[in-house]
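Reader: Could you take me through one part of this model in detail, and then show me how the rest fits around it? Keep it relaxed, but stick to what the coordinates give.

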Amino acid sequence: METRVLQIRKGILNKNDEIARKLRERLQACGLLTINLVSSPGSGKTAFLQRTLRTLREEGKTAAALVGDLATDNDARRLAEAGMPVKQINTDGRCHLEAQMISDHLADWDLASFEYLFIENVGNLVCPSSYDLGEDVRVVLLSVTEGEDKPLKYPNIFNSADIAVITKMDLAEACEFDLEAARANIQSVRPGMQILTTSAKTGAGMSEWLACLSQQKQARCAVV
Amino acid sequence: MHELSIAYSLVDLASQSAIEAGATRVNSVHVRLGALAGVVRGALEFSYEIACAGTLLEGSTLVVKELPVRVYCAACDMEVELPSVQRFCCPRCDTPSGDLRQGRELDIEAIEIDVPGDVKGEEHGNTGATDSQGDSEQK
């Protein structure tokens, strides 16, 4: 018997990363911009996405959404009201989505007919940060009811995101939300990150958000 | 708490490499864990033992090397280590920097294995970049 050291030097999540890489190629080849929405539970991801889909539809744009939850299809039903194709992914208790789940749920969609694909991740600010879903843009949501210091408590997910969206701005005054403190905390864990402020209820900030998506899409298409 | 599913991925990857190398047992697994990997060391160590049960890795030791966050500071023109993941500013000159150079690692670096004396293989494993793919993973 001989003992020896075998060099491996591979990412532990390399299986997921590889599926995500292929998925990204496939989605980009269809001309889609894929957006992964992450946040804690109750920060308003579904309402934000509902408003986004509705507004896109009014503008004559096409989009589809996948929504991840531990159980129930409540969110998919809510989102379907916006009149865009929506599918629920039940993770059966798992705390995050993985690239394979995304791939599996795209099977019967004609991807080339959509301009945007939204993925609403499971409400969780920890686990989804480790899993690449093949997205082009990762958007982290922070609601005014959660407190300004959330980015400092969950630096991993804020650092891994490309854009931060502050939601429920219609409640900001009632919550005595300090927007400047929240901005400073986001910038502290992710210098230079674009920050948008929105309210899915009043529609405030939604046009800036859609303009931002459109910019991302153009920038991506310029690269690809 | 996704450390258990990460531990299963880790054990799968290590077992596969060990089997390909003709190993009869894995003594230890060396992992690099970045401060921004989103993985809690204690939870990974706890999950590791569960994930190893019934595999070549049963009874093996998990050796975790923790890596701090390093960013490139343009003002200092050098890579610096951040004392805190809450503040992405150069500890020398206080200039903000999001130019991450280290901290997201979640890799298996190496495994220590027992191989029967008559198994003479060339060096297995991938000596390339950490995100490179093994052939066995390709479909």
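**A close look at H1 of chain B**

Author: The buried residues of H1(B) are B:Glu3, B:Ser5, B:Ile6, B:Ala7, B:Leu10, B:Val11, B:Leu13, B:Ala14, B:Ser17 and B:Ala18. Bear in mind throughout that this is a predicted model.

So what covers those buried residues of H1(B)? The cover includes pieces from both chains: strand S1 (2-11) of chain A, and from chain B strand S1 (25-34), helix H2 (41-52) and strand S6 (106-115).

The helix itself passes a quick length check. H1(B) takes in residues 3-20, and 18 residues at 1.5 Å each, counted as one less than the number of residues, should span 26 Å. The C-alpha atoms at its two ends are 26 Å apart, so the expected span and the model agree. After the helix comes B:Gly22, with a positive phi near 75°.

Now step back to the chain that holds this helix. Chain B has 2 helices and 6 strands, and from the N terminus they run α-β-α-β-β-β-β-β. Of its 139 residues, 34% count as buried. If you take the contacts in chain B between residues at least 6 apart in sequence, 73% of them join residues at least 24 apart.

One loop of chain B deserves a stop. B:Asp77 is in the loop between strand S3 (70-73) and strand S4 (78-81) of chain B. Its phi is near 55°, which is positive even though the residue is not a glycine. Is B:Asp77 buried or exposed? B:Asp77 is exposed, because just 7 other C-beta atoms lie within 10 Å and the cut-off for exposed is 12 or fewer.

How far should you trust chain B? The mean pLDDT of the chain is 88, and 83% of its residues reach 70 or more. Residues 124-139 of chain B are another matter, with pLDDT below 50; this stretch still has 31 contacts in the model beyond near neighbours in sequence. For the complex, the predictor gives an ipTM of 0.86 and a pTM of 0.89.

That brings us to the interface, where H1(B) turns up again. In all, 41 residues of chain B are in contact with 33 residues of chain A. On the chain B side, H1 and S6 each supply at least two residues, and S6(B) gives the largest share, 10 residues. By type, the residues on that side divide into 18 nonpolar, 16 polar and 7 charged.

Two of the strands that cover H1(B), S1(A) and S6(B), also pair with each other across the interface. They run antiparallel, over 8 bridges. One of the matched pairs is A:Lys10 with B:Ile108 in S6(B). As background, strands of a sheet pair through backbone hydrogen bonds, either parallel or antiparallel.

Chain A also has an open sheet of 7 strands, with parallel pairing and the order S4-S3-S5-S2-S6-S7-S8. Its edge strands are S4 (86-90) and S8 (194-197), each pairing on one side only. On average, neighbouring strands of this sheet are turned by 20° against each other, direction ignored.

Within that sheet, take S6 (residues 137-143) and S7 (residues 163-167) of chain A: they run parallel and are joined by 5 bridges. There A:Val140 has A:Ala164 in S7(A) as its bridge partner. Helix H7 (residues 179-189) of chain A packs on the sheet, touching S6, S7 and S8 of chain A, and its direction makes about 155° with that of S8(A).

Just ahead in the chain, the loop between S7 and H7 of chain A holds A:Glu176. Here too phi is positive in a residue other than glycine, near 50°. A:Glu176 is exposed, since 8 other C-beta atoms lie within 10 Å.

At the S4 edge of the sheet, the loop between S4 and helix H4 (99-105) of chain A contains A:Gly93. A:Gly93 is exposed as well, with 7 other C-beta atoms within 10 Å. The C-alpha atoms of A:Gly93 and A:Arg78 are separated by 21 Å, with the two residues 15 apart along the chain.

Notes
Residues numbered from 1 in each chain as written. Chains lettered and ligands numbered in written order. Predicted model: local features only at pLDDT ≥ 70, side-chain atom pairs only at ≥ 80, totals over all residues. Pairing = 2+ DSSP bridges. Helix = DSSP H or I, 4+ residues; strand = E, 2+ residues; numbered from the N terminus. Axes fitted to C-alpha atoms, helices over the stretch in contact; angles between N-to-C directions. Contact = placed C-beta atoms within 7 Å. Buried ≥ 20, exposed ≤ 12 C-beta atoms within 10 Å, placed from the backbone. pLDDT = per-residue confidence, 0-100. Nonpolar A, V, L, I, M, F, W, Y, C, P; charged D, E, K, R; others polar.
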